Amino acid sequence: MRIPYPIEYYEDKLFYQYKKEYQIILFNDNWHGLRTWVKIRCNEHKTSRIVYLKKVFNGSKSTRPCRQCYLDTLHPTDHPPTEKV
């Protein structure tokens, strides 16, 4: 049986992938690496999300660690407002 990587390893992977600080919190002492239900806390929005950790690193079908971070990517704020004629 393979020993899972520590939580800090996956927090670093989240930072590398999403360029934001996330904190992984365990519900119980059963740490199985990617195959663990965890609570991910977003330091920017002060929100938490319960997610299966493997689903976050699932490539193009992945779940975002923070819902508000995902919504912020859908509405870019760098576009100028359109003029009404």
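User: In this predicted model, at about what angle does H1 run to E1?

Analyst: In the predicted model, helix H1 covers 7-18 and strand E1 covers 22-26. H1 lies across both E1 and E2. Its direction relative to E1 is about 150 degrees.

User: Which strands are the edge strands of the open sheet?

Analyst: The sheet is open, holds three strands in the order E1-E2-E3, and pairs them in the antiparallel sense. On average, neighbouring strands are turned by 30 degrees against each other, direction ignored. An edge strand of this sheet pairs on one side only, which applies to E1 and E3 (47-52). The edge strands are E1 and E3.

User: How many bridges join E2 to E3?

Analyst: E2 and E3 form a hairpin with four residues between them, and Lys46 in the turn has a positive phi of about 60 degrees. Within this pairing, Arg41 is set opposite Ser48 of E3. The two strands run antiparallel, and the number of bridges joining them is six.

User: Over how many bridges do E1 and E2 pair?

Analyst: One opposed pair places Leu26 across from Val38 in E2. Another sets Gln23 opposite Arg41 in E2. The sense of the E1 and E2 pairing is antiparallel, and the bridge count is five.

User: Which side chains of E2 point to the buried face?

Analyst: Side chains alternate along E2, which spans 37-42. Trp37, Lys39 and Arg41 point to one face and are not buried. The opposite face carries the buried side chains, those of Val38, Ile40 and Cys42.

User: Which element gives the most residues to the largest nonpolar core?

Analyst: The core has 16 residues, and those touching the most other members are Leu14, Tyr22, Ile24, Val38, Ile40, Leu53 and Val56. Two or more residues come from each of helix H1, strand E1, strand E2 and helix H2 (53-56). With four residues, the element giving the most is H1.

User: Leaving out residues up to four places away in sequence, which proline does Ile40 touch?

Analyst: Ile40 is among the core residues that touch the most other members, and the Ile40 side chain points to the buried face of E2. Counting only residues beyond four places in sequence, Ile40 touches Leu14, Tyr22, Gln23, Ile24, Thr47, Ser48, Arg49, Val51, Leu53 and Val56, among others. The proline in this set of contacts is Pro65.

Methods
Residues numbered from 1 in each chain as written. Predicted model: local features only at pLDDT ≥ 70, side-chain atom pairs only at ≥ 80, totals over all residues. Heavy atoms only, no water. Core = buried A, V, L, I, M, F, W, Y, C linked by side-chain atoms within 4.5 Å. Buried < 20%, exposed > 50% of the residue type's maximum accessible area, 1.4 Å probe, protein only. Contact = heavy atoms within 4.5 Å. Pairing = 2+ DSSP bridges. Axes fitted to C-alpha atoms, helices over the stretch in contact; angles between N-to-C directions.
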